[in-house]
Amino acid sequence: MGQVPSATRALRVLRFLAAQPEPVPLERVTAAVGIPRSSAYHLLTAMVEEGFVVHLPEERRYGVGVAAFEVGSGYARQAPLQRIARRPLAALVDQVGQSAHLAVLHGRDVLYVLEERAPGRPPLVTDVGVRLPAHLTASGRAILAQLPAAQVRALYPDRAAFVDRTGVGPQSLTALRSVLADTRRRGHAREDGEVTPGLASVAAAVLDHNGHPVAGVAVTYPAGEADAASVADAASGTAALLSRRLGGR
């Protein structure tokens with residue numbers, strides 16, 4: 001990390017803090033980001049002064065500050081990812097004849113930011129603005145499979161982190177790791193009845209220029225009605241297109 005610019009370090013710290021369910025001690029930051037304790041302390045102090053990080057001295061923990069929220073609000077206003085994805089997502093729906101959506105990771109949930117409904121398809125719970133447990137959704141699994149193991153472990157520290165919807169799906173970190181390993185091996189994520197009984201989904205991750213997952217492109221269809229492999233290929237193609245447009249690999 002000695003040659004990594006300070007701005008890159010700061011962004012990595014901010015990304016890590018934003019993924020945590022609550023403020024964390026300094027040691028968690030140093031372990032997750034891979035920088036010395038003294039460097040992390042000085043970096044966090046500067047980020048506190050700028051308002052991007054808040055320090056809770058009584059708890060000796062650090063969390064996301066108001067300035068980071070302001071940046072996030074600016075993103076929400078401009079919605080660049082949604083603008084880039086709207087036409088490719090519509091083309092995906094035309095190609096497979098099923099509904100598709102775009103989701104981003106928000107803590108342990110996925111937040112749906114764009115949806116294209118196919119005519120005559122069943123209603124879905126994935127309206128824009130809806131949040132669902134990431135470990136149960138195909139889009140969430142596609143994103144989680146591309147994250148460092150330490151970040152996934154931080155998101156799911158114990159069994160209490162695993163929310164249940166339909167009685168199926170991973171309920172422990174070991175089970176989730178197995179699901180994510182299968183996802184990486186296949187090159188796409190799947191879920192079948194874990195969000196809504198009778199409906200299945202496939203998804204692929206959209207990557208930025210650092211190879212970091214910024215979103216998941218998913219297609220949802222009645223279980224058994226579509227060929228999962230061919231629909232997954234189409235979703236993967238759309239995700240790859242969006243990755244290139246974002247400057248990803």
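Here is a short back-and-forth about helices, burial and backbone angles in this predicted model.

Student: Let's start with α8. How do you know that its length fits a helix of 14 residues?

Tutor: Take 1.5 Å a residue: helix α8, residues 173–186, should then span 20 Å, and its end C-alpha atoms are 20 Å apart, so the two agree.

Student: Which residues of α8 are buried, and what puts them on the same side of the helix?

Tutor: Leu 173, Leu 176, Leu 180 and Thr 183 are the buried ones. They cover an arc of only 75° around the axis, and that places them on the same side of α8. Thr 174 and Arg 185 sit on the other side and are exposed.

Student: What do the buried residues of α8 pack against?

Tutor: Their partners are α6 (138–144), α7 (149–155) and β7 (189–192). Just after α8 comes Gly 187, with a positive phi of about 90°.

Student: You mentioned α6 and α7. Why is Ser 139 called buried?

Tutor: Buried means under 20% relative accessible area. Ser 139 has 1% relative accessibility, so it counts as buried. This serine lies in helix α6. Leaving aside neighbours within four places in sequence, Ser 139 is in contact with Ala 103, Val 110, Tyr 112, Ala 203, Gly 216 and Ala 218.

Student: And Gln 151, with a relative accessible area of 12%: what class does that give?

Tutor: Gln 151 is buried too, because 12% is under the 20% cut-off. Gln 151 lies in helix α7. Not counting residues up to four places away in sequence, it touches Ala 19 and His 212.

Student: On to α3. How do you know that its span suits 13 residues?

Tutor: By the 1.5 Å a residue rule, 13 residues should span 18 Å, and the end C-alpha atoms of α3 are 18 Å apart, so that agrees.

Student: What makes you say that the buried residues of α3 line one face?

Tutor: The buried residues are Ala 40, Leu 43, Leu 44 and Met 47. Seen down the axis of α3, they fall within an arc of 100°, so they line one face of the helix. His 42 and Glu 49 are exposed, on the face turned away from the buried side.

Student: What does that buried set of α3 pack against, and what comes just after the helix?

Tutor: The buried residues of α3 pack against α1, α2, β2 and β3. Just after α3, Gly 51 takes a positive phi of about 90°.

Student: Then why is α1 described as roughly perpendicular to α3?

Tutor: Helix α1 (residues 6–18) and helix α3 (residues 37–49) pack at an angle of about 80°, and their axes are 11 Å apart. Roughly perpendicular covers 65 to 115 degrees, so α1 and α3 earn that description. On the α1 side, Ser 6, Arg 9, Ala 10, Val 13, Leu 14 and Leu 17 meet Ser 39, Leu 43, Leu 44 and Met 47 in α3.

Student: How do α1 and α2 pack?

Tutor: Helix α2 (residues 26–33) packs with α1 at an angle of about 115°, with the axes 10 Å apart. Their crossing is right-handed. The contact involves Arg 12, Val 13, Phe 16 and Leu 17 of α1, together with Arg 28, Val 29, Ala 32 and Val 33 of α2.

Student: What makes α5 roughly antiparallel to α9?

Tutor: The axes of helix α5 (residues 80–96) and helix α9 (residues 228–245) come within 10 Å and cross at roughly 165°. Angles over 145 degrees count as roughly antiparallel, so that is the label for α5 and α9. The crossing is right-handed. Among the residues making the contact are Ile 84, Pro 88 and Leu 92 of α5 and Val 231, Thr 238 and Leu 242 of α9.

Student: Gly 237 lies in α9 as well. Why is Gly 237 called partly exposed?

Tutor: Buried stops under 20% and exposed starts over 50%. Gly 237 has a relative accessible area of 37%, in between, so it is partly exposed.

Student: Last one: what is unusual about the phi of Arg 60, and is Arg 60 buried or exposed?

Tutor: Most residues other than glycine have a negative phi. Arg 60 is not a glycine, yet has a positive phi of about 55°. It belongs to the loop between β2 (53–56) and β3 (61–64). With a relative accessible area of 68%, over the 50% cut-off, Arg 60 is exposed.

Notes:
Residues are numbered from 1 along each chain as its sequence is written. This is a predicted model: local features need pLDDT of at least 70, side-chain atom pairs count only at pLDDT 80 or more; totals for chains, interfaces and linings use all residues. Side-chain values use heavy atoms; hydrogens and water are left out. Helices (H or I, at least four residues) and strands (E, at least two) are DSSP runs, numbered from the N terminus. The expected span of a helix is 1.5 Å times one less than its number of residues. Buried means under 20% relative accessible area, exposed over 50%, partly exposed in between (1.4 Å probe, protein chains only). The arc is that of the directions from the helix axis to the C-beta atoms. Contact means heavy atoms within 4.5 Å. Axes are lines fitted to C-alpha atoms, for helices over the stretch in contact, and angles run from 0 to 180 degrees between N-to-C directions. Angles under 35 degrees count as roughly parallel, over 145 as roughly antiparallel, 65 to 115 as roughly perpendicular and the rest as oblique. A crossing is left-handed if the near helix is turned anticlockwise from the far one by less than a right angle, and right-handed if clockwise.
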